[in-house]
Every structure is written in C-alpha cells, then in structure tokens.
Amino acid sequence: MQFHEVRFPVALSFGSIGGPERRTDVVTLASGFEERNTPWAHSRRRYDAGIGLRSMDDIDALIAFFEARRGQMYGFRWKDWSDFKSGKPSTAVSATDQVLGTGDGVRTEFALLKAYASGEARYDRPIAKPVEGSVRLAVDGVEQTLGTDFGVDFATGMVTLSGAAPAGVSVTAGYEFDVPVRFDTDRIQTSAATFQAGEVPDVPVIEVRV
C-alpha cells in the first residue's frame, strides 16, 4: 500500500473536526417496517484539517506536508485528538486497557484492537497504527517487557510474544494510536489574510484501509 509512516503535524490537526462514518442501506417496506443492512464491517473516519487564521509558517508546513504526500497519492498518520488512547482520554495508558485474546499454549501473535461497548452491543475496532513508545502489554495481568517478552509491528498493529501465552490466560494491552488516512483532495487553497497570517478553509482527510 502507498503509505508514509509519518504523522500529520499535531499542532495543525488540533482543533480539527471529524469522526466515524458508517454506511447503512435502509429499505422501507410497504408495511412501513424497515430492513437495514451494511456492507461495512468497520467504520471509516473523516476529518477536516482546514484551519482558520494561522501563521504563515503553519501554512508553509501544511503545504509542504501536502506536496510531500503528492495530494491523495500517499497515506499518512493522523492523531484524532478525541480518540487516540486504548483507554479513557483522561487516564494514562495501562497494560490492561484492552483484551486482545486468550492464550492457547500455541498462539504468539495478537492484533491490537479497541472495543466500543454500549449496553449489550460491542464493536471491536482494529488498530493498525500504534504510536512507538506507547505500547504496554500484560499476560495474565503481569506486564511484559518490550523487546524481551514481546515485539510490536508499528506499521500493522500486530504484537508477537516471545513465547506462547499459557492456555486460558488473558493477553491485554494499552497504547496510543494514530488513524491511517490520506488527503481527500488534490487541491489546497490558501489565502494571506495579513503579512503574518493566512487561512486554509478546507482540507478534507479520510481514513484508509490498511
């Protein structure tokens, strides 16, 4: 996949708007009842990186990032300031934030995920872009050491244990993560409001599957 493992400048993404999008097909029957179906197993996030009045240096950084990605050509990492931790935004990352799976005495690879639960319903979101230096992992509640007990592929979100977890024990993890995205436009429009500041009203960004 055409993807650059580089993060959009966080100073420019802060204050952006966006969030998850679903696709649902709704058919209203003659009786008034509805049939609903979705072709998407996972949501897709959209953001608007458009910024208001900023310094000309900020706009220069945005244009440089856009040009280096060749517009829509190459994907990149994006920090979603409203959802970038395995746990609650107000708490520190813990090795027991998310349950990745249960050991069976053979399995050594586990994919990072984040569970969203409400009532009896639950959605498990795959996490493919963990942030380096943030991943913590525990086996049966005992925290493990990165590089010795487990490794992380920061481009795919897969963790690999140095030895299989015993059967029946829980494998958990905590981390910060980015969203894989690309620009959803091949054009950036800017304006110089003053000699020191300018505006970029619309910079759409969309999540990509990895």
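Strand 11 (121-126) and strand 17 each supply at least two residues of the lining of the largest pocket. The model is a predicted one. Strand 11 gives the most to this lining, with 3 residues. The pocket holds about 230 Å³ of space. Its lining counts 16 residues, and the closest to the centre are Pro126, Glu207, Val208, Arg209 and Val210. What is the make-up of the lining in nonpolar, polar and charged residues? It divides into 8 nonpolar, 2 polar and 6 charged.

From the pocket, follow strand 17 into its sheet. This is an open sheet of 6 strands, with the order 1-7-17-20-5-2. Its pairing is mixed. Which strands form the edges? They are strand 1 (3-7) and strand 2 (17-21), and each pairs on one side only. Neighbouring strands of this sheet are turned by 30° against each other on average, with direction ignored.

Look at one pairing inside this sheet. Strand 17 covers residues 179-183, and strand 20 covers residues 204-207. The two run antiparallel and share 3 bridges. Valine 181 stands opposite glutamate 207 in strand 20. Glu207 has already appeared, as one of the residues closest to the centre of the largest pocket. Strand 17 also has a part in that pocket, with at least two lining residues.

Next comes the helix that lies over this sheet. Helix 2 (residues 56-68) lies across strand 1, strand 7 (75-78) and strand 17. The helix runs at about 160° to strand 1.

Helix 2 also leads to the aromatic residues. A search of the whole structure finds 13 aromatic pairs. One of them joins phenylalanine 8 and phenylalanine 65. Their ring centres are 5.2 Å apart and their planes stand at 80°, so the pair is edge-to-face. The cut-off for that class is over 60 degrees. Why does the pair tie together parts that are 57 residues apart in sequence? Phenylalanine 8 lies in the loop between strand 1 and helix 1 (10-13), whereas phenylalanine 65 lies in helix 2, so the pair links those two parts.

Now turn to another sheet. This open sheet has 3 strands in the order 9-15-14. Its pairing is antiparallel. Strand 9 (109-111) and strand 14 (150-153) are the edge strands, each pairing on one side only. Here neighbouring strands are turned by 20° against each other on average, direction ignored. Strand 14 pairs with strand 15 (residues 158-161) in the antiparallel sense over 4 bridges. Within strand 15, threonine 160 stands opposite glycine 151.

Strand 12 is the next stop. Strand 12 (residues 136-139) runs antiparallel to strand 16 (residues 170-174), and 4 bridges join them. Strand 12 also pairs with strand 13 (residues 142-143), again in the antiparallel sense, over 2 bridges. Which residues stand opposite alanine 138? In strand 16, the bridge partner of alanine 138 is threonine 172. In strand 13, glutamate 143 stands opposite alanine 138.

The link between strand 12 and strand 13 closes the tour. The two form a hairpin with 2 residues between them. Aspartate 140 sits in the turn and has a positive phi of about 55°.

Conventions
Residues numbered from 1 in each chain as written. Predicted model: local features only at pLDDT ≥ 70, side-chain atom pairs only at ≥ 80, totals over all residues. Heavy atoms only, no water. Pairing = 2+ DSSP bridges. Axes fitted to C-alpha atoms, helices over the stretch in contact; angles between N-to-C directions. Contact = heavy atoms within 4.5 Å. 1 Å grid on protein atoms, 1.4 Å probe; cavity = no way out; pocket = protein on both sides within 12 Å on 5 of 7 lines; lining within 4 Å. Points joined across faces, edges and corners; volume = space filled by probe spheres on them. Nonpolar A, V, L, I, M, F, W, Y, C, P; charged D, E, K, R; others polar. Phe/Tyr/Trp six-rings, centres within 6.5 Å; stacked < 30°, edge-to-face > 60°.
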